[in-house]
Amino acid sequence: MSQDLAVSETPAPPASARSGARTRWRFVSIAVAVFVALAGVRAITGQPMLTSAGTIQATLAFAVPIGLAGLGGLWAERAGIINIGLEGMMVLGTWFGAYFAWSFDNPWVGLVAGVLGGMAGGLIHAVATVTFGVDHIVSGVAINILAVGAMRYLSLLFFVGAPGGGAAQSPQLPEFPEVGLPFVAEVLAPARDSGIFLVSDTASLVTGLTTNMSVMTLLAVLLVPLTFAVLWHTPFGLRLRSCGENPDAAESLGVPVYTYKFTAVVLSGGFAGMGGVFLAMVASSVYQEGQTGGRGYIGLAAMIFGNWRPGGLAMGAGLFGFTDALQVRGGGGAVHSLLLLIAAALLVTAAGMLAATLRRMRSTPSFARMAALWGVFAVGTALAAAGGTAAATGGPAWWWAVAALGAAAGAFAAVRAVGSWPDAGGRLPLAALVAAPTGAVVLVVYFATDSLPGQLVTYSPHIATLLVLALASQRLRPPASVGRQWRKGRA
């Protein structure tokens, strides 16, 4: 007698689910690591502004318009349309939000009007790029230029002569209500004032995130997980992203590609318009000409930094908002203390890249030679950093000779490694070769100076933008068909 036994096995989760879980944990771990590093720098340098509750609240205020512009770019580019016009759509949002909020004395009417104004700009961009096939960059730049001029004309028509208004600004605007958890600030006050590493910083973080928050800030923060849920966990989001990856294949499966592209770009303008409303009515209490200050472009940079995903975008917006908040609240001293964090981040990143490269080369014949060259490079960089730091802090002059010797040895090893790089070694870690000496130079500058020039402090957010884009460009993966002209019926 025979008996068949049926053994059921629990199916393994799909690869996409495992990848998504890893990505989310990666974002969380990076955010925690950055916060712990900031707390450490605060404890070392004695700069309380780095993690104070006021800085956290200012970071949110500066990050929200950048994040909203980045969300607008994310929606458009996931559907295959580059939206350089986000800056102009933010301008439309600032003016229309201010005008209708002032006219009706109601901030919510202003919010709706600002979002609709941004969506009107998105509709113009969609008609130009999707319907008429205009180059995406040309259309976006045109919207940016026209929006500024048109809003100036409308200000002359409606704001001149009004109490407090003029050709370049609106009258005083109504404000959104604030929300927060009661008693949090009072309960956590002893922990905030203790100065204990991580304890004080965590208390300040919780206080900054739970008190005196504008309702619009809360709405903007909630749009990040909502965007992720819609674009990655709904059939609508899957079809929209397919239009940015392979519109021909999407059309062959019955997806109305034009409709999804129009929808994405119009919603993109709405997000940018909402960012403009935030600038006019939360970050300020009046509309002012030039109020956007290039935040539409910085939002695009945050989107690229986040690799076209909402979580990474939020981290990028937070980074740019934090540098903005520091240069406003803390001045040169607080921004100067960040040099220590930047130097450590560059050196650790370079070490990680070199270690990963050597792991990939373990089974190749050139492993020993490359390991020796990378070792000389690492030791030379360390000597240069240590010698320069010792000399800059008042050590004997011969420390400069040590620094020069280390720099020469590191440069020699780097040149030899580049010149004799084997094909089996994979991609040459050029980013590590740049990050390591840059980190050493930044470290020496930190110990050699007490503060930064005012001009450098003012432009620190833009410098951070350039550095982030330069270092993040190695692992970017934009939608496959973004920026390409597409016509129906080619499938």
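Is Trp-374 buried or exposed in this structure? In the predicted model, Trp-374 has a relative accessibility of 3%, and because buried means under 20%, this tryptophan counts as buried. Its place is in helix 15, which covers residues 367–392. Leaving out residues up to four places away in sequence, Trp-374 touches Leu-354, Thr-357, Leu-358, Ala-417, Trp-421, Pro-429 and Leu-433. A look across the model gives a sense of scale: Ala-249 is 125 residues from Trp-374 in sequence, and the two C-alpha atoms lie 46 Å apart.

One of the partners of Trp-374, Leu-433, also appears among the contacts of Ala-414. Ala-414 belongs to helix 16, residues 398–419, and touches Phe-377 as well as Leu-433 once residues up to four places away in sequence are set aside. With a relative accessibility of 13%, Ala-414 counts as buried too, because the limit for that label is 20%. Between the C-alpha atoms of Ala-414 and Val-206 there are 45 Å of space, and the two residues stand 208 places apart along the chain.

How far can the model be trusted along the chain? The average pLDDT is 88, and 90% of the residues score at least 70. Residues 1–10 are another matter, with a pLDDT below 50 and zero contacts beyond near neighbours in sequence.

Attention now turns to the nonpolar core. In soluble globular proteins, nonpolar side chains tend to be buried together. The largest nonpolar core here has 52 residues, and within it Leu-68 and Leu-71 touch the most other members. At least two core residues come from each of helix 2 (53–78), helix 3 (86–104), helix 5 (136–158), helix 8 (215–233), helix 9 (235–245), helix 11 (257–281) and helix 12 (295–305). Helix 11 makes the largest contribution, with eleven residues. For Leu-68, the contacts that remain after leaving out residues up to four places away in sequence are Ala-220, Leu-223, Phe-271, Ala-272, Met-274 and Gly-275.

Thr-292 sits in the loop between helix 11 and helix 12. Which label fits this threonine, buried or exposed? At 6% relative accessibility, Thr-292 counts as buried, because 6% is under the 20% limit. Apart from neighbours within four places in sequence, its contacts are Glu-87, Met-90, Val-91, Thr-94 and Leu-279. Thr-292 and Glu-77 are separated by 215 residues in sequence and by 21 Å from C-alpha to C-alpha.

The model also contains empty space. It holds one cavity of 30 Å³ or more, and the largest cavity encloses about 60 Å³. Its lining is made up of Ile-81, Thr-129, Val-130, His-136, Tyr-258, Lys-261, Arg-484, Gln-485, Trp-486 and Arg-487. Helix 4 (107–131) and helix 11 each supply at least two of these lining residues. Sorted by class, the lining has four nonpolar, three polar and three charged residues.

Pockets come next. The second largest pocket holds about 360 Å³ of space. Its lining counts 19 residues, and those nearest the centre of the pocket are Ala-61, Glu-178, Asn-212, Ser-214 and Val-282. Helix 2, strand 2 (213–214) and helix 11 each give at least two residues to this lining, with helix 2 giving the most, five residues. By class, nine of the lining residues are nonpolar, seven are polar and three are charged.

Asn-212, one of the residues nearest the centre of that pocket, deserves a second look for its backbone. Most residues other than glycine have a negative phi. The phi of Asn-212, however, is positive, near 50°. This asparagine is found in the loop between helix 7 and strand 2, and it counts as exposed because its relative accessibility of 55% is over the 50% limit.

Leu-198 also has a positive phi, about 75°, although it is not a glycine. Where is Leu-198 found? Its place is the loop between helix 6 (184–194) and helix 7 (199–210). Leu-198 has a relative accessible area of 28%, so it is partly exposed, a label used between 20% and 50%.

Methods: Residues numbered from 1 in each chain as written. Predicted model: local features only at pLDDT ≥ 70, side-chain atom pairs only at ≥ 80, totals over all residues. Heavy atoms only, no water. Core = buried A, V, L, I, M, F, W, Y, C linked by side-chain atoms within 4.5 Å. Buried < 20%, exposed > 50% of the residue type's maximum accessible area, 1.4 Å probe, protein only. Helix = DSSP H or I, 4+ residues; strand = E, 2+ residues; numbered from the N terminus. Contact = heavy atoms within 4.5 Å. pLDDT = per-residue confidence, 0-100. 1 Å grid on protein atoms, 1.4 Å probe; cavity = no way out; pocket = protein on both sides within 12 Å on 5 of 7 lines; lining within 4 Å. Points joined across faces, edges and corners; volume = space filled by probe spheres on them. Nonpolar A, V, L, I, M, F, W, Y, C, P; charged D, E, K, R; others polar.
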